[in-house]
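Reader: I am new to reading protein models. Please take a close look at one pair of strands, then lead me outward from there to the rest of the fold.

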Amino acid sequence: TSRRKFIKISALGLGGVVASASALNVFGKNSYLNEIVAQNIVKNLKKTATYCEVCFWKCAAWAFTNENNEIKKIIGNDDDPHCNGRLCPRGTGGVGMYHDEDRLKTPLIRTTINGEETYREASWEEALDLIASKFKNIKEKYGAESVALLKHGSPGSHLEHLFKAFGSDTIAEPAYAQCRGPRETGFGLTFGSWIGSPEPTDIRDTKCLVLIGSHIGENMHNSQVQEMSDAIDNGATIITVDPRFSTAASKSKHWLAIKPATDIALLLSWMHVLIEEDLYNKKYVDTYALGFDELKAHVKPFTPEWAYGITTIKPEEIRKTARTMAASAPSVIVHPGRHVTWYGDDSQRSRAIAILNGLLGSWGNRGGFYFKEKISIPKYPHPKYPEPKWGWHDLGKQYPFSEMGITSELVKATIPNKDNKHPIKAWLIAGTNLINTLPQREKTIEAINAVDFMVVIDTMPMEITGYADVVLPECTYLERYDGIRSATNRTPSIAVRVPAVKPKYNSKPAWWISKEIGERLGLGDYFNYNDFEDVIEWQLNKMGTSLEEMKKIGVKKFERTSGPLFLEDGQDYEFGTLSGKIEFYSHQLAEKGFDPMPVYTPHPEPPQGFYRLNYGRSPMHTFSRTINNPNLSDLKDENTLWVNPKVARILDLKKGQEVWLKNQDDKLSTFSIKVRVTERIRWDSVYMYHGFGHNNKKLTRAFGKGVSDTELISKVVIDPLMGGTGLRGNFVSILTENPHKNIEL
Ligand code: MGD
Ligand code: SF4
């Protein structure tokens, strides 16, 4: 068939992209050799314990400095379960964040000179005084709740403490409604437990790993990539469902090139096969699950023949893969994925994935999902937080299963509207580049224009910083203390971040910024320490260790106390759901008027001349944050547009040709992107790496390189359960002429 040929051609053409016989080879060709060289380089250097902030896997590492206090190398901590001593290419390149000469160097305040808005440099004193006085005024006039925090990463936790002390929990982060939220809702409703990060998947011992739109290997979550590599070496079967031939697909026994937006149909059909062919894990289901009979009746009509018409996956292929999963069960993982905000029915798709795992009995079994455990960090004493009158809950009330702030609702509430009972008047943004992160950019900008006052705390002059009234330069993770990392894993562990070098330029850590603003707001009691080091020392002492010890070891593991990793045979076990059982049928959903079991609904397809805009991670970058990093931009400095040869033929596109994109709402890409003609993408879609296409000229390496997928995402479909923004319902046409001719960018 044509698909078989497709795989063959693609596999031959992959050469440099894919690893040799074993593993995913994402750590570089001669990584063993590199490690020996690295060990030699660092022999005489001073080492400082840290954990990486280039992505949110937070691998523990050692930063090595020479006698001139220069960072020479960052190497993974051998004792760390997140990295097992090996950093990914981005983590190794993290030192580029420190060296980047485009960094924010000193506080900036917006001002008008000769009728033109610009920034002037300011002292910390002046900038912090200004912020405190503005916050005070807004609190007096509207209440503390009207000051909102949008955050991501380590700085967020320091600022969250400041905001709660101030009386506001009007707080949100894109990692929820633009990323993992729906999966937490879907798994929460089914197993009574969030997935969280890292995912508690026992990949190293699995016999079968099913990836549905989750491209481990390009999506570089360190220990997960390592475990997948080991599982492949141990003969595990990989099944990848992806409209694109991803790196993971190239390692898979079965690649199901699904028609985009139809995954729920495939999942329902898999359930149908498992149940109709009596392949599901009967004992497990009888012992732990609720609603099997309803599920059986529900999936009865969803035959592989039915699913074929929707997904374009052949019925034999659906049956064969379902049987493979069953033969491996319970050592099988249908992976929950991570960035799951696709089509608006994402919580239900996640529930389908959860139910499938339930039928296979993988939750709580070796080679499936383990029972994770983490150690809680003692709270440094401070007065009780005041009770806000309203907060993020009220902004997302229409979504009954939302459990965190929804960024897009916060944006909506900021745009003036006569019905709005919860006015938002100021934003503080820390560690998130909302312009390149939130869909519907115009709305974000409308909200920004509506606030009275806006502060951005960042390390780099990103797109978002250009909109601020006050810009505060944070020092990088290599130059500061931060909260203790408590890892949720097979065994609990902690890691510390200690500054390896002094802050460059006039930059400061977020803990210091929070404390300084807090003191100016009369909240000194909440910041009862001189240095964050004191807080960490106090917490570590409570945990039976000390900063001195942690500086030497970096990572400390603790014994499990919550019981074994897996269920014993037939063991009584109470799940965290309302019924204490795995809920195939959800009464909670039914009561709130939602489908109690997942249902497939068709989504719009690209109109004539348009292609679905698909996007994903580059193994060398994290979102938009790393594109300007000198080390990482050396590895990859622009994205390309993956186009199927059929499409290239129709549109007469050549490899490397520059094109522009226009979406269904006439949104144009600011810059051009080069064409990559490849069988690895279906003919109905195009694909690009997310994070590129920066339009801030201050980013000297990243400016104008490639296209931003975000600026082409003007349509979203909202998940009615939890408010996630489905981003993948956008379509683009490909323009070969520059639509911006004569317009200076
Ligand atoms: P970035 O664009 O990398 O990601 O969203 P964001 O976290 O906003 O922006 C991070 C910002 O943090 C940058 O401005 C960077 O300079 C700054 N920064 C880095 N380190 C530090 C630090 O130590 N201190 C401070 N103060 N700032 C720092 C991610 C979000 O985006 C997520 S989690 C997902 S999964 C979604 N992915 C996604 C997608 O794939 N496509 C599209 N179109 N949109 C997406 N949005 C979501
Ligand atoms: Fe850093 Fe890579 Fe680990 Fe992410 S996976 S924390 S970038 S080393």
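Author: Start at L150, which stands opposite A172 in β7. This is a predicted model, so read each position as a prediction. L150 belongs to a pairing of strand β6, residues 147–151, with β7. The two strands run in the parallel sense, and two bridges hold the pairing.

Now widen the view. β6 and β7 sit at one end of an open sheet of seven strands. Read across, the order is β5-β4-β15-β14-β13-β6-β7. The pairing in this sheet is mixed. Its edge strands are β5 (116–121) and β7 (171–172), and each of them pairs on one side only. Keep one rule in mind as you trace any strand. In a regular strand the side chains alternate between the two faces of the sheet.

Stay with this sheet for a moment, and pick out β14. This strand covers 453–458 and supplies at least two residues of the shell around ligand 1. Helix α7 (174–191) also supplies at least two. In fact α7 gives the most to that shell, with four residues. In total, 34 residues surround ligand 1. The closest are C179, T432, F623, S624 and R625. By class, the shell around ligand 1 holds 14 nonpolar, 15 polar and five charged residues.

Compare the surroundings of ligand 2. Its shell has 14 residues, and C52, C55, C59, C88 and G91 come nearest. Here the classes are nine nonpolar, three polar and two charged.

Go back to α7 and follow the chain out of the helix. The loop between α7 and β8 (208–212) contains P198. A cis peptide bond joins S197 to P198, with omega about -10°. There is another cis bond to find, between A329 and P330, with omega about 5°. P330 lies in the loop between α14 (315–328) and β12 (332–334). Then look at the backbone of Q440. Its phi is near 55°, a positive value in a residue other than glycine. Q440 is in the loop between β13 (426–430) and α18 (441–450). Why point these places out? Most residues other than glycine have a negative phi, and most peptide bonds are trans.

Next, the helices. Two packed helices are described by the angle between their axes and the distance between the axes. Take helix α6 (residues 154–166) and helix α19 (residues 510–520). Their axes come within 8 Å and cross at roughly 15°. That angle makes α6 roughly parallel to α19. The crossing is right-handed. From α6, the contact uses P155, H158, L159, H161, L162 and A165. From α19, it uses A510, W511, S514, I517 and G518. Sorted by class, the residues of this contact are seven nonpolar, four polar and no charged.

A second pair gives you a comparison. The axes of helix α10 (residues 263–276) and helix α15 (residues 346–360) come within 10 Å and cross at roughly 20°. So α10 is roughly parallel to α15. This time the crossing is left-handed. On the α10 side, the contact is made by D263, I264, L267, L268, W270, M271 and L274. On the α15 side, Q348, R349, A352, I353, I355, L356 and L359 take part. The classes here are 11 nonpolar, one polar and two charged.

Finish with more strands. An open sheet of three has the order β16-β17-β18, and the pairing is antiparallel. β16 (485–487) and β18 (555–557) stand at the edges, each with a single partner strand, so one side of each has no neighbour in the sheet. On average, neighbouring strands of this sheet are turned by 20° against each other, direction ignored. Three bridges link β16 to strand β17, residues 493–495. In that pairing, S486 stands opposite I494.

Last comes strand β27, residues 731–735. It pairs with strand β20 (residues 611–616) in the antiparallel sense, over two bridges. R612 stands opposite F731 there. Four bridges join strand β22 (residues 658–663) to β27, and these strands also run antiparallel. In this case K662 stands opposite S733. Set that beside your starting point, where β6 and β7 pair in the parallel sense.

Definitions and conventions. Residues numbered from 1 in each chain as written. Chains lettered and ligands numbered in written order. Predicted model: local features only at pLDDT ≥ 70, side-chain atom pairs only at ≥ 80, totals over all residues. Axes fitted to C-alpha atoms, helices over the stretch in contact; angles between N-to-C directions. Parallel < 35°, antiparallel > 145°, perpendicular 65-115°, else oblique. Left-handed = near helix turned anticlockwise from the far one by under 90°. Contact = placed C-beta atoms within 7 Å. Nonpolar A, V, L, I, M, F, W, Y, C, P; charged D, E, K, R; others polar. Near = placed C-beta within 6 Å. Pairing = 2+ DSSP bridges.
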